[in-house]
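User: Hi! I'm new to protein structures and would like to learn how to read one. Could you walk me through it?

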Amino acid sequence: MLAALLCAACGPAAPTEPRADKAPTIVSLNPCLDAILVEVAAPGQVLALSHYSRDPGSSSIPAEVAARYGVTGGTAEEVIALQPDLVLASIFLPQPTRSALERAGLQVETFGSPKTVSESIAQVREVADLAERESEGAALAERLAPSPAPAGPPVSALLWQPGEIVAGEATLIAELLREAGFTSHAAARGLGQADAVRLEGVLAHPPQVLLVAGDAPGQRHPLLARGLGGMHIADFDPSLIYCGGPTIPKARARLTAIRAQLP
């Protein structure tokens, strides 16, 4: 009964396209893996994405793309009912769920969050290999290769994430910022992964560039519109922060555009 209610909450599964080949059918339970699959999988191969990909606040794929696929609430009952050949999930998949899927005879593969571009490229290739779509994976991996660093001295930037926190240096987004010619204002202030920065702290120690990726009251305060201290302020889509794969070229393009706006 509970599984039925959860499934109903996700809405009816969108019709999938006819299978183009005999590659394994797949259900994904992770939004970052969803984003890779919709780029590399064959028509009809993906039976369902995670329900997160229908949520604009957590999805890394366009709403119109997510709408082409069915979704699940992530319960074992829903996934087993679809009878996929392969289930892709986060390493944080609850062990009882994984055990139930494997008892049902389903292959389960789990993935962590890549912390570097090279790790993301390796993950793309691994997902594509599991999907038996090696050439598509190679094409996507090629798009993720690092770009040459821009000319000129590095620019101090603070990425102000949802919840008024900052990213640590050992993260994918930090590497992309460095690639784009930015240095970490947070690191210079001795701040690390998920440390909080309030509006007062930003104004007391302004970076050259403030990338606002949240909508907390402090992050939308009228004071910021004044460009205090010559600080350049730009919006940064939160969907570009957390996933690798096809999110990387989008994040690079946004960072490049912001860098080009600077004097």
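Analyst: Let's go through the sheets, one strand, one alanine, two loop residues and then the empty spaces. One thing before we start: this is a predicted model, where local features need pLDDT of at least 70 and side-chain atom pairs count only at pLDDT 80 or more, while totals for chains, interfaces and linings use all residues. Residues are numbered from 1 along each chain as its sequence is written, and side-chain values use heavy atoms, with hydrogens and water left out.

User: How do I read a sheet, and what is the order of the five strands in the open sheet with parallel pairing?

Analyst: General idea: helices (H or I, at least four residues) and strands (E, at least two) are DSSP runs, numbered from the N terminus. Two strands pair if DSSP finds at least two bridges between them. Here, the five strands run in the order E3-E2-E1-E4-E5. Strand E3 (71–72) and strand E5 (107–111) stand at the edges with a single partner strand each, so one side of each has no neighbour in the sheet. Inside that sheet, strand E1 (residues 26–28) and strand E2 (residues 46–50) pair in the parallel sense over two bridges, and Ile26 stands opposite Val46 in E2.

User: Which helix packs on that sheet?

Analyst: Helix H2 (residues 31–40) does, touching E1, E2, E4 and E5. Touching is about contact, meaning heavy atoms within 4.5 Å. The direction of H2 makes about 145° with that of E2. For such angles, axes are lines fitted to C-alpha atoms, for helices over the stretch in contact, and the angles run from 0 to 180 degrees between N-to-C directions.

User: What is the order of the four strands in the other open sheet?

Analyst: That order is E7-E6-E8-E9, and the pairing is parallel. The edge strands, each pairing on one side only, are strand E7 (182–184) and strand E9 (232–235). On average, neighbouring strands of this sheet are turned by 35° against each other, direction ignored. Helix H11 (residues 247–260) packs on the sheet and touches E6, E7, E8 and E9, with a direction at about 155° to that of E9.

User: What does E6 pair with, and over how many bridges?

Analyst: Strand E6 (residues 155–160) pairs in the parallel sense with strand E8 (residues 209–212) over four bridges, and with E7 over three bridges, again parallel. To see this residue by residue, look at Leu159, whose bridge partner in E8 is Leu211, and at Ser156, whose partner in E7 is Thr183.

User: Is E6 mostly covered or mostly open?

Analyst: First the scale: buried means under 20% relative accessible area, exposed over 50%, and partly exposed in between (1.4 Å probe, protein chains only). By that scale E6 is mostly covered, with six of its six residues buried. Val155, Ala157 and Leu159 are buried on one side, and Ser156, Leu158 and Trp160 on the other.

User: Is Ala89 buried or exposed?

Analyst: Ala89 lies in strand E4 and is buried, with a relative accessible area of 0%. Leaving aside its neighbours within four places in sequence, Ala89 is in contact with Leu29, Asn30, Leu33, Glu109, Thr110 and Phe111. Ala89 and Ser28 are 61 residues apart in sequence, but 6.1 Å apart in space, C-alpha to C-alpha.

User: And where does Gln83 lie?

Analyst: Gln83 lies in the loop between helix H4 (76–82) and strand E4 (86–90). Gln83 has a positive phi of about 50° although it isn't a glycine, and it is partly exposed at 49% relative accessible area. Glu132, in the loop between helix H6 (117–130) and helix H7 (134–143), has a positive phi near 60° and is partly exposed too, at 48% relative accessibility.

User: How many cavities of 30 Å³ or more does the search find?

Analyst: Rolling a probe the size of a water molecule over the atoms shows where empty space is left. On a 1 Å grid over the protein atoms alone, a cavity is a set of points where a 1.4 Å probe fits but cannot get out, and a pocket is an open set with protein on both sides within 12 Å along at least five of seven lines; lining residues have an atom within 4 Å of a point. Here the search finds one cavity, with a volume of about 130 Å³. Grid points are joined across faces, edges and corners, and a volume is the space filled by probe spheres set on the points. Of the 16 lining residues, Ala157, Ala167, Glu169, Leu177 and Ser184 are the closest to the centre of the cavity. The largest share of the lining, four residues, comes from H8.
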